[in-house]
Amino acid sequence: MLNRFARALFTRLFTPIATFFVRLGISPDVVTLVGTLGVSLGALAFYPRGEFFWGTVVITAFVFSDTIDGVMARMMNRSSNWGAYLDSTLDRVGDSAIFGGLVLYYAGKGEDNLLAALALACLILGSVVSYSKARAEGLGMTANVGIAERADRLVAVLVTTGLVGLGLPEVVLTVVLALLAVASLITVFQRILTVRRQALTAAAE
Ligand SMILES: CCCCCCCC/C=C\CCCCCCCC(=O)OC[C@H](COP(=O)(O)O[C@@H]1[C@H](O)[C@H](OP(=O)(O)O)[C@@H](O)[C@H](O)[C@H]1O)OC(=O)CCCCCCC/C=C\CCCCCCCC
Ligand SMILES: Nc1ccn([C@@H]2O[C@H](COP(=O)(O)O)[C@@H](O)[C@H]2O)c(=O)n1
Ligand SMILES: [Mg+2]
Ligand SMILES: [Mg+2]
């Protein structure tokens, strides 16, 4: 949902940074790689220790590299299949680090099995959401639908985790992760139904 409504706004917001990087001769692939490293290190260095606020600040500082790399590629007229593949594959690494960092904290020092299980459910279901689109695209179909696309999932987990780091009760994170897991599951079904419709229509033609 956010992807649809906020993409144009965020593209405009980050165009000056993208222009600056292009002038410095930096390639979009480097931005994709450094962004993923920053997100993953931020998540895995801070979240397992329960440092939710600083972890979220570091992750947020790097997560928008995913918007900047695409803007740069289009600006330089070098959008490529390789770039799209690298971008999507590394997205999965960053997303796994974020939810994985929460799993590590709650399965260990945080001692909350319910929160650990919910963070794990969000990690797994989020990956299935992404796979359901990638597989559809690999078969020549589209699955660009769903109430919990990547931007929605990231905003939900980062805003809530950051606020818990500032003192918001953990029960709010429990509720948000539970809702996110359900929304991700619904998104999987929305995508399956979309692809089924396309596959059946194509078979009938
Ligand atoms: C007091 C609280 C303390 C904590 C403070 C921090 C709060 C943090 C708040 C927000 C963080 C928001 C993070 C959101 C990041 C979203 C970035 C993003 O997703 O950008 C990438 C995306 C490019 O898309 P891709 O084509 O690369 O992605 C594809 C897609 O993701 C598919 O997903 P799927 O659904 O299938 O899983 C994949 O299939 C595919 O593989 C993949 O390639 O760009 C956009 O989507 C652009 C729109 C981004 C909209 C973000 C909205 C953020 C809203 C509010 C943020 C407020 C923070 C303001 C910071 C301002 C900084 C100047
Ligand atoms: N290293 C990269 C990263 C991205 N691209 C191209 O941008 C598209 C994704 O754009 P976003 O705004 O969603 O990040 C991607 O499909 C590629 O075409 C690239 O070429 N190299
Ligand atoms: Mg990108
Ligand atoms: Mg991406």
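**Ligand shells and nonpolar cores in a predicted model**

User: In this predicted model, what makes a residue part of the shell around ligand 1, and which residues are the closest?

Analyst: A residue is counted as near a molecule if its C-beta atom lies within 6 Å of it. Around ligand 1 there are 28 such residues, with Ser88, Ser130, Glu149, Arg150 and Gly162 the closest. Two or more residues of this shell come from each of helix H1 (2–23), H3, helix H4 (65–75), H5, H6 and H7, and H7 gives the largest share, 8 residues.

User: How is the shell around ligand 1 divided by class?

Analyst: The shell around ligand 1 holds 13 nonpolar, 8 polar and 7 charged residues. Gly counts as polar under the definition used, so Gly162, one of the closest residues, falls in the polar class.

User: Which residues come nearest to ligand 2, and which helix gives the largest share of its shell?

Analyst: Of the 14 residues around ligand 2, Gly70, Ala73, Ser79, Gly83 and Ala84 come nearest. The elements supplying two or more residues to this shell are H2, H4 and H5, and the largest share, 5 residues, is that of H4. By class, the shell around ligand 2 has 4 nonpolar, 6 polar and 4 charged residues.

User: Why is the set that includes Val39 and Ile98 called a nonpolar core?

Analyst: The term requires buried residues of listed types, Val and Ile among them, joined through C-beta atoms within 7 Å, and the set is called a core because its members satisfy this. The largest such core has 29 residues, of which Val39, Ile98, Phe99, Leu102, Ala119, Cys122 and Leu177 touch the most other members. At least two residues of this core come from each of helix H2 (28–46), helix H3 (52–63), helix H5 (81–107), helix H6 (113–138), helix H7 (150–165) and helix H8 (170–204), with H5 giving the most, 7 residues. Another core, of 8 residues, lies apart from it and includes Ala18, Ile68, Val71 and Ala73.

User: What is isoleucine 98 in contact with, leaving aside its neighbours within four places in sequence?

Analyst: With those neighbours left aside, isoleucine 98 is in contact with Val39, Ala43, Ile59 and Val157.

User: Which residues does the UniProt annotation "transmembrane region" cover?

Analyst: According to the unreviewed UniProt entry, the annotation covers residues 20–46, 52–72, 114–132 and 171–189. In the model, residues 20–46 are 85% helix and 0% strand, and their end C-alpha atoms lie 30 Å apart, while residues 171–189 are 100% helix and 0% strand, with end C-alpha atoms 28 Å apart.

Notes
Residues are numbered from 1 along each chain as its sequence is written. Chains are lettered from A and ligands numbered from 1 in the order in which they are written. This is a predicted model: local features need pLDDT of at least 70, side-chain atom pairs count only at pLDDT 80 or more; totals for chains, interfaces and linings use all residues. A residue is buried if 20 or more other C-beta atoms lie within 10 Å of its own, exposed if 12 or fewer, and partly exposed in between; C-beta atoms are placed from the backbone. Helices (H or I, at least four residues) and strands (E, at least two) are DSSP runs, numbered from the N terminus. Two residues are in contact if their C-beta atoms, placed from the backbone, lie within 7 Å. UniProt positions are given in the numbering used here, feature names are shortened, and annotations may be inferred rather than shown by experiment.
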